[in-house]
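Okay, everyone, thanks for coming. I'd like to talk through one helix pair and a few salt bridges, so let's get the structure up on the screen.

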Amino acid sequence: MYDCKLSVIIVPHGDGLPPELCLCSLRAAAGGMDAEIFFAHDGLADGRDAALRARFPEITFPDRPRGMNGVRFVNRLIAQCRGEYILLLHPDTLVGEDCLRTLCFFMDEHAAEAGAAGVKMIDGRGVFLPESRRVFPSPRTLFHTPRGRAGVFADAGRGAVGDMPDRPHRVDAVSDAFVLFSHSALNKTGLLDESLPPEGAYLDIMYRMSAAGYGRFCIPGERILHCGDRQRVRAFYDALLLFCKKYYPEAKTAALLIRLRRRLAILFAKEKERPKTGKRRVLAFCRERHLPEMEAAAGKHLSGVSGVGLWNIDRMRLSDAVADRRVKMQAYTDMAFCYPDIPFGRILLFMDRMPEKNIACHIYLSENRQFISCETA
């Protein structure tokens, strides 16, 4: 029925990380898979569009018709997809090498019931993002969900941030930053609602899948890096207002609660985005030959760098740095990981399990000597 296993659409979604990081990780994750990838961007400045097309010839770069909104553009691409599963992905994300295979395997095993699946998301410091899973913003959940920040609706019935189950579990909805759909489920429930903004359209289709009897699952064994911004938080809450207006038009108090939580979330995001001050010490995880170029790149892209240390992965395991007393004694403020010296999946696992969540993490792509910081998102 379908010509390939997976179709990936990198959806147009504002500014964030440079797209090279997302595209590099997708190339590694889709390697050996029967997959097609579309980069539905809004247009890139400084001639980068042509450079990306040349660097990633296996990716299709469809042109967005003038005046067409993002949701309609995504629907048009979904209609062209040949995959059994369709992944909608934000460009400011990083996926691991095994992520796509794991989720496709899970969907195969639950083909009769699974309509959509998501993963555990972390930010640029390895902090778990509670918006990895959400509950529908009904009047009941608005009154009983105890979280009041950007990650509200992170299912109160399943506990707080640290209590996320380790096994795949059912949720009302997953984040629109990474959602894998069953193509057959989309055919039955319909595509995204083009009258809603992107954030509302994703939540709306999850609601329709629920009504049609399809399960939505979060797979915490796989993780992605996602860097958002304050404007995205604002757009998310505006989308919730439209969702409540569509499905709960009589719930006036719910709209007031959403507006209140939007204000709190924006304040929290503003506090989180405050830039670092003072001297910075960077620990570079790489092979020794890459240290000089990483040191130069860190000094160029990060302000106040006073020194760059080396964790030579040819001699020491990456995981040993978590408990190494020397790392803590040096008081490193930043960590930079060199790819492909270290695979993306191992970088994400290390960031997730690292106990200190006040250290900023960065990725260095040695192929084109590009230093990418999540702090720029």
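Before I point at anything, the term I'll lean on: I call it a salt bridge when a side-chain nitrogen of Lys or Arg sits within 4 Å of a carboxyl oxygen of Asp or Glu. The background is simply that side chains of opposite charge can pair when their charged atoms come close. And keep in mind that what you're looking at is a predicted model.

So, a case of that: Arg 27 pairs with Glu 58, with 2.7 Å between the closest N and O atoms. Arg 27 belongs to helix H1, while Glu 58 is in the loop between H2 and helix H3, so we have two distant parts of the chain linked, 31 residues apart. Both ends are partly exposed: Arg 27 has a relative accessible area of 32%, and Glu 58 has 40%.

Now stay with Arg 27 for a second, since this residue also takes part in a helix contact. Which residues does H1 use to meet H2? On the H1 side they are Pro 19, Glu 20, Leu 23, Cys 24 and Arg 27, and facing them from H2 are Arg 48, Leu 52 and Arg 55. Sort those by type and you get 4 nonpolar, 4 charged and no polar.

As for geometry, the axes of H1, residues 19–30, and H2, residues 48–55, come within 12 Å and cross at roughly 15°. Angles under 35 degrees count as roughly parallel, so that's what H1 is to H2. The crossing is right-handed.

Okay, back to salt bridges. How many are there in the whole structure? The search finds 17, and I'll pick out two others.

One is Lys 5 with Asp 108, at 2.9 Å from N to O. Lys 5 is in strand E1 and Asp 108 is in helix H4, so this pair ties together parts that are 103 residues apart in sequence. Lys 5 is partly exposed at 24%, and so is Asp 108, at 33%. There's a bit of a network here too: Lys 5, Glu 84 and Asp 108 are linked by salt bridges.

The other is Arg 223 with Asp 352, where the closest N and O atoms are 2.8 Å apart. Here strand E10 supplies Arg 223 and helix H12 supplies Asp 352, so the pair ties together parts 129 residues apart in sequence. Are these two buried or exposed? Arg 223 is buried, at 13% relative accessibility, and Asp 352 is buried as well, with 13%.

That's my tour; happy to rotate the view if anyone wants another look.

Conventions: Residues are numbered from 1 along each chain as its sequence is written. This is a predicted model: local features need pLDDT of at least 70, side-chain atom pairs count only at pLDDT 80 or more; totals for chains, interfaces and linings use all residues. Side-chain values use heavy atoms; hydrogens and water are left out. Axes are lines fitted to C-alpha atoms, for helices over the stretch in contact, and angles run from 0 to 180 degrees between N-to-C directions. Helices (H or I, at least four residues) and strands (E, at least two) are DSSP runs, numbered from the N terminus. Angles under 35 degrees count as roughly parallel, over 145 as roughly antiparallel, 65 to 115 as roughly perpendicular and the rest as oblique. A crossing is left-handed if the near helix is turned anticlockwise from the far one by less than a right angle, and right-handed if clockwise. Contact means heavy atoms within 4.5 Å. Ala, Val, Leu, Ile, Met, Phe, Trp, Tyr, Cys and Pro count as nonpolar, Asp, Glu, Lys and Arg as charged, and the others, Gly among them, as polar. Buried means under 20% relative accessible area, exposed over 50%, partly exposed in between (1.4 Å probe, protein chains only).
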